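Reader: Please show me the sequence and the structure. I will then ask about strands, cysteines and aromatic rings.

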Amino acid sequence: MIKLYDGGVYLIDGQKIVPEAEYACTESQMGKAVSKEEAKKGTIAYAILKAHNTSDTMDTLKLRFDAMASHDITFVGIIQTAKASGMEKFPIPYVLTNCHNTLCAVGGTINEDDHLFGLSACKKYGGIFVPPHIAVIHQYMREMMAGCGKMILGSDSHTRYGALGTMAVGEGGGELVKQLLRDTYDVKYPGVVAVYLDGKPMPGVGPQDIALAIIGAVFKNGYVKNKVMEFVGPGIASMTTDYRNGVDVMTTETTCLTSIWQTDEDTRAFLKLHGREEEYRELKPQQTAYYDGMVYVDLSTVKPMIALPFHPSNVYEIETLNENLEDILHGVELEAAKISGNPDVAFHLLDKVKNGKLHVQQGVIAGCAGGNYTNVMEAAHILEGKTCGNDVFNLSVYPSSQPVFMDLVKKGAVNELMAAGAIVRTAFCGPCFGAGDTPANDCLSIRHTTRNFPNREGSKPGAKQMAAVALMDARSIAATAANGGVLTPATDVADGYEVPAYAFDNSAYERRVYQGFGKADEKEALIYGPNIKDWPQMEALADNILLRVCSKILDPVTTTDELIPSGETSSYRSNPLGLAEFTLSRRDPAYVGRAKEVNLLEQERLSGKAVAELKGIYEKIASIPGNEAVKPEEIEIGSMIYAIKPGDGSAREQAASCQRVLGGLANIVKEYATKRYRSNVMNWGMLPFQMEEDAAFEVGDYIFVPNVLRALDGDGKQIKAYVIGETVKEIVLYLADMTDDEKKIVKAGCLINYNRNRAKA
């Protein structure tokens with residue numbers, strides 16, 4: 001059972017749940033008087049945020065983090081941006097892992113060039129470099145960097161170490177650049193929602209099952225959007241810390257800001273095992289703590305779950321799915337047809353039902369969610385003496401780090417997996433974002449990874465190839481493998497197996513990881529491969545702008561995977577203009593051509609030429625009262641994307657930077673799916689417009705927005721804009737709260753320009 005409380009909740013002594021409406025009565029019976037404002041300070045989150053806040057108020061936070069982490073499809077752009085902004089060395093521990101472009105296979109040597117750049121940057125600026133195949137980013141951070149009461153910032157959306165007492169945030173690269181320049185992460189004090197865990201998971205239920213059940217309950221209603229999820233309650237003690245990590249990493253899929261867990265002696269044991277017992281301290285709510293909401297989870301009622309395509313929130317109990325295969329799978333097929341938008345591209349599920357059972361074609365256990373020691377050991381036990389079969393179904397297993405892999409070898413788990421026919425690989429994030437184990441066309445893959453967005457597994461509808469992923473726990477994936485690919489919940493095969501204690505061996509890290517923090521050497525040169533390019537120059541924002549609508553997306557939610565695909569684009573992440581060619585390629589392939597046409601008009605304007613084809617547009621602008629004197633040469637021209645709710649998913653800043661390098665000036669949306677995408681839009685110098693009304697314009701229309709700089713200086717609540725068509729139609733835009741620095745960044749044209757301007761001042 002999962003229950004969402006309506007309204008605020010008080011937690012007394014970490015156990016007693018009192019809805020806000022009932023608190024006054026309880027308070028008088030206790031003979032204590034703790035005000036709501038004081039009780040808000042009783043959360044674990046408040047104490048950690050306060051300790052990291054540099055402002056003089058807790059209403060508006062200016063946070064400095066203890067450490068940062070990036071991987072090899074984000075760190076090149078971040079370092080290039082920070083270097084262009086005047087960075088001389090890394091001021092805090094900064095870990096660069098190589099777990100996304102690990103294979104060095106796409107594009108020849110391009111990926112390895114990024115790795116050499118990262119190592120040279122760690123030598124020059126004083127960083128920590130984790131070579132390919134050694135660890136996925138989040139496992140290394142759990143094992144070597146997370147600690148109780150810390151805050152860590154990462155350029156990957158699944159930066160979550162709450163189960164180790166660390167508040168970790170995944171953001172776009174611009175926010176990491178600010179930390180490298182000793183600026184701050186600015187955010188209003190977030191709401192804090194308690195996740196009260198009670199009971200104990202039943203045998204066969206794993207962390208992915210718990211996580212998917214929670215995601216299914218809170219995603220669609222936005223219950224924890226941009227809030228802190230604080231895990232409390234007696235049920236925590238029923239899970240090992242390794243198990244808790246598997247639940248915690250999936251909190252990203254709820255759209256929360258970050259997470260934090262109550263710690264205990266098992267947390268201490270985990271840190272001690274990894275040689276860092278000094279990083280432990282007990283974290284728990286104070287005697288009276290107020291939460292803005294509560295998710296109550298009876299762990300004993302959670303059953304094996306499956307998140308069907310095309311989102312982690314599309315969840316069902318496996319047994320419910322098996323009882324209603326035809327109805328549920330038909331709905332997914334209809335969604336697939338809508339996503340592909342092409343009758344020649346079809347994805348089928350009903351044809352995979354044989355004799356009333358769903359047959360899947362692939363299984364993957366991998367990465368920061370699935371590749372943990374506990375998950376793989378459980379999977380190996382289920383497959384002991386069994387076979388995956390020699391038909392279509394195949395299983396791949398990726399341990400999350402070399403230390404985990406080493407102990408799995410010592411425990412015999414790798415032998416059991418291989419003997420069953422599974423393929424065991426090294427630490428790699430590829431299956432999670434579409435750069436590994438791409439299934440065949442029209443096939444269904446079940447994966448213990450983090451996401452199952454459309455085409456994220458690597459299929460390409462443009463090439464008439466479409467597959468899909470369903471998310472499941474490693475235990476049920478193993479049970480399905482042992483059943484020849486027939487969908488099977490792990491509770492059907494659970495036998496009370498207890499995972500033996502993990503033995504951490506640090507030798508792989510000691511011998512391969514470059515530990516350069518505090519050892520910056522400015523004489524070291526950065527090593528550039530031919531595909532590593534500087535950011536192109538971007539101009540400052542003019543007071544009057546003319547936007548051309550280059551894409552209009554009316555989907556309820558637009559993911560960052562749709563804004564800029566993962567997978568095949570990875571080799572271009574260090575090449576801004578090369579990567580920009582893929583912008584919206586899976587959602588609106590004509591967008592790039594349209595944006596380039598608009599950018600050419602702006603280049604003509606900057607060169608002093610009259611933009612003849614806009615003559616009629618300029619005449620209509622001059623007819624708008626108050627704009628008669630606006631000269632065409634004073635109107636900046638740029639492209640614009642409209643979407644209902646963009647930015648769900650990855651933290652990748654390229655979802656915004658690709659629009660910007662093509663000449664993008666703004667997004668217009670109903671709402672932003674995540675804070676991190678909106679931050680990316682602003683850090684790359686684009687206006688994060690919103691509007692309440694439906695979009696009264698189409699692709700190809702122009703929108704004139706006068707006095708933009710004045711609007712940024714004001715409250716931004718009522719910004720008049722004009723759709724220029726056969727007639728002139730007024731619309732109203734607005735800007736949600738922006739910090740003073742965010743306004744300056746947008747005015748400057750991007751974060752790089754803003755920092756250069758500061759250096760000159």
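Reader: In which sense do strand β11 and strand β15 pair?

Author: Some ground first: this is a predicted model, in which local features need pLDDT of at least 70 and side-chain atom pairs count only at pLDDT 80 or more, while totals for chains, interfaces and linings use all residues. Residues are numbered from 1 along each chain as its sequence is written, and side-chain values use heavy atoms, with hydrogens and water left out. Helices (H or I, at least four residues) and strands (E, at least two) are DSSP runs numbered from the N terminus, and two strands pair if DSSP finds at least two bridges between them. Six bridges join β11 (residues 192-198) to β15 (residues 293-298), and the sense is parallel.

Reader: Which residue of β15 is the bridge partner of V195?

Author: The bridge is one between residues of paired strands, and β11 covers 192-198 while β15 covers 293-298. In β15, the partner of V195 is V295.

Reader: Which strands stand at the edges of the sheet?

Author: Five strands form an open sheet of mixed pairing, in the order β1-β15-β11-β12-β13. A strand with a single partner has one side left without a neighbour in the sheet, so the edges are β1 (2-4) and β13 (258-261).

Reader: What is the average twist from one strand to the next?

Author: Axes are lines fitted to C-alpha atoms, for helices over the stretch in contact, and angles run from 0 to 180 degrees between N-to-C directions. From one strand to the next, the twist averages 20°.

Reader: At what angle does helix α3 run to β13?

Author: Helix α3 (residues 44-52) lies across β11, β12 (228-232) and β13. Its direction relative to β13 is about 115°.

Reader: How many disulfides are there?

Author: A disulfide is a pair of cysteine sulfur atoms within 2.5 Å. The sulfur of C256 is 14 Å from the closest cysteine sulfur, in C368, which is too far for a bond. C429 is in no disulfide either, as the nearest cysteine sulfur, that of C99, is 3.7 Å away. The count of disulfides is zero.

Reader: Is C256 buried or exposed?

Author: Buried means under 20% relative accessible area and exposed over 50%, with partly exposed in between (1.4 Å probe, protein chains only). The relative accessible area of C256 is 2%, so C256 is buried.

Reader: What kind of aromatic pair do Y398 and F428 form?

Author: Rings of Phe, Tyr and Trp (its six-membered ring) pair if their centres lie within 6.5 Å; planes under 30 degrees apart count as stacked, over 60 as edge-to-face and the rest as tilted. For Y398 and F428 the centres are 6.2 Å apart and the planes make 50°, which makes the pair tilted.

Reader: How many residues apart in sequence are the parts that W535 and W684 tie together?

Author: The ring centres of W535 and W684 are 4.2 Å apart with planes at 45°, so this pair is tilted. W535 lies in the loop between β25 (514-515) and β26 (544-553), and W684 in the loop between α25 (675-683) and β31 (687-690), so the separation in sequence is 149 residues.

Reader: Over which ring does the charged end of K352 sit?

Author: A charge sits over a ring if NZ of Lys or CZ of Arg is within 6 Å of the ring centre and within 35 degrees of the ring normal. The charged end of K352 is 5.4 Å from the centre of the ring of F347.

Notes
Contact = heavy atoms within 4.5 Å.
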